[in-house]
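Thanks for asking me to look this one over. Here are a few notes to read alongside the structure.

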Amino acid sequence: MAQAGRKEEKTVTGLDIEKESTPLEISKDNLDVFGDEEGNQIHYKTLSWQFVAFFMIAEIVSNGMLSLPNALATVGIIPAVILIIFLGVFALFTAKLLIDFKLNHPNVHSMGDAGQIIFGPIGREVLSLGTIVFSIFAAGSEVLSGQLALSLLSNNGLCAIFFALIFTVAAFLVSLPRALSGLTWLGVVSSVSILIAGLAGMIGAGANPVPDRIIQATVPQTFNNAFLAITNPAAWVLQGFATTFYVIFAVVMYVYIGSTVNPFAFSSLPPVWAKVAVALAIPNFLISGGLYIHVPAKLVFVRIFRRSKHVHSHTILGWVIWVALCAAGGIVAFLFVIAVPIFSFLIGLTAALFASWYTYGLAGFFYLHDAYYLEGGKEALKKNKLMVILSILTILAGGFICVAGTYVFIKLLVDAYRAHQVPKPFTC
């Protein structure tokens, strides 16, 4: 970092550094937001790639998969399966670009930091805000799933608001460990939970097929309905295991239940099987909700205390701010669920606005930036024409999903209001 009295200049990483230094001369420990953690009270860089994979599965293969059988019912088996696989492969490609960008810029801790490098200060604020908004809405989505699960298990024994409150408090407690190493085995539990829940759902559907069910290879649809069905947020980040499991789950549930399958697929099962499946899935909903509360809290916390003692030490101020940030995230998610009647529409809208770029579009910008600034300027772009073309197409794909998704969800919201289908807030 720059020292007092020295002239500063900007590097391609967006950091101010001493004039005598070059990007290649700066060590990763100096650039890394968490630096050298030796001797610190709190260590953040402690997860093995195996446990990172479990955390990713815990978030990715979650409540979003329950809407995929309904997507098959909307557009048919063939186009839906093709799109799920395509999006999974595409997401794997963009993930590689994101990883390369992170390795080239160790100082990047969040999409906001990446936005600073690519688009400057405005990009930092927009992408940081987008991360916070999307994470809070995703946390609210998990709270809503937990509320539905608890209501189903109890035969609506309590007002849904109380179930949402109970689930929010539990998710808040899960979010509290400052380092993810404190949640290591919960990531494993969450992954196993949703896997077994999905298997139970498929067994229940296979053991109780719906008589005279309708199964179609393709279904003629308007653009709005088709787009809504195939671009739910969970489908945007399918990779590897997630893609395979999603395809199997969606096809099996649709084949045995047919076109009447609900968006919350487990609710289409016979009562006993529905309760078994949601009971098994609750740990995943809970842990995913905690992770989604944790993410924006960590982003703001690091933004406030970056490179200060509060990041790595058990200070009173550090813990007060951390707990307050987690509590704020949980409270906002809870209020969205119970007080905003159009919350389900807003989930789709925020996904269209932000997840389309975070999963796809921005990766194209990342590659083009690093190829130009780190690999030789225009000559590097000329030598890698295929990657340049793919990166441009990636940006266009993110833009299309963003614009089309925003249009679809706004139109659906307007139609719902016209049809008086929007419920009142604070209802059981």
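1. A word before you start: this is a predicted model, so please read the points below with that in mind.

2. I would begin inside. The largest nonpolar core has 58 residues, and Met65 and Phe266 are those with the most contacts inside it. Helix H10 (residues 241-257) gives the largest share of this core, nine residues. Another core lies apart from it, with 14 residues, including Ala139, Ala171, Ile293 and Phe305.

3. Phe266 deserves a look of its own. Leaving out residues up to four places away in sequence, Phe266 touches Met65, Leu66, Ala197, Gly198, Gly201, Phe249, Ala274, Ala277, Val278 and Ala281.

4. Now to the surface. Leu158, Phe162, Leu165, Ile166, Val169 and Leu173 make a nonpolar patch of about 550 Å². Leu165, one of these, sits in helix H7 (residues 160-175). Why does Leu165 count as partly exposed? The relative accessible area of Leu165 is 39%, and the partly exposed class runs between the 20% and 50% cut-offs. In soluble globular proteins, nonpolar side chains tend to be buried together.

5. Finally, please check the backbone in the loop between helix H6 (121-153) and H7, where Asn155 is placed. Asn155 has a positive phi, near 55 degrees, without being a glycine. Asn156 lies in the loop between H6 and H7 as well, and its phi is also positive, about 60 degrees. Most residues other than glycine have a negative phi. Asn155 counts as exposed at 57% relative accessibility, and Asn156 counts as exposed at 60%.

Note on methods
Residues numbered from 1 in each chain as written. Predicted model: local features only at pLDDT ≥ 70, side-chain atom pairs only at ≥ 80, totals over all residues. Heavy atoms only, no water. Patch = residues over 30% accessible without salt bridge, like charges linked within 9 Å, V, L, I, M, F, W, Y side chains within 5 Å. Areas by Shrake-Rupley, 256 points an atom, 1.4 Å probe, with all protein chains shown as cover. Salt bridge = Lys/Arg side-chain N within 4 Å of Asp/Glu carboxyl O. Helix = DSSP H or I, 4+ residues; strand = E, 2+ residues; numbered from the N terminus. Buried < 20%, exposed > 50% of the residue type's maximum accessible area, 1.4 Å probe, protein only. Core = buried A, V, L, I, M, F, W, Y, C linked by side-chain atoms within 4.5 Å. Contact = heavy atoms within 4.5 Å.
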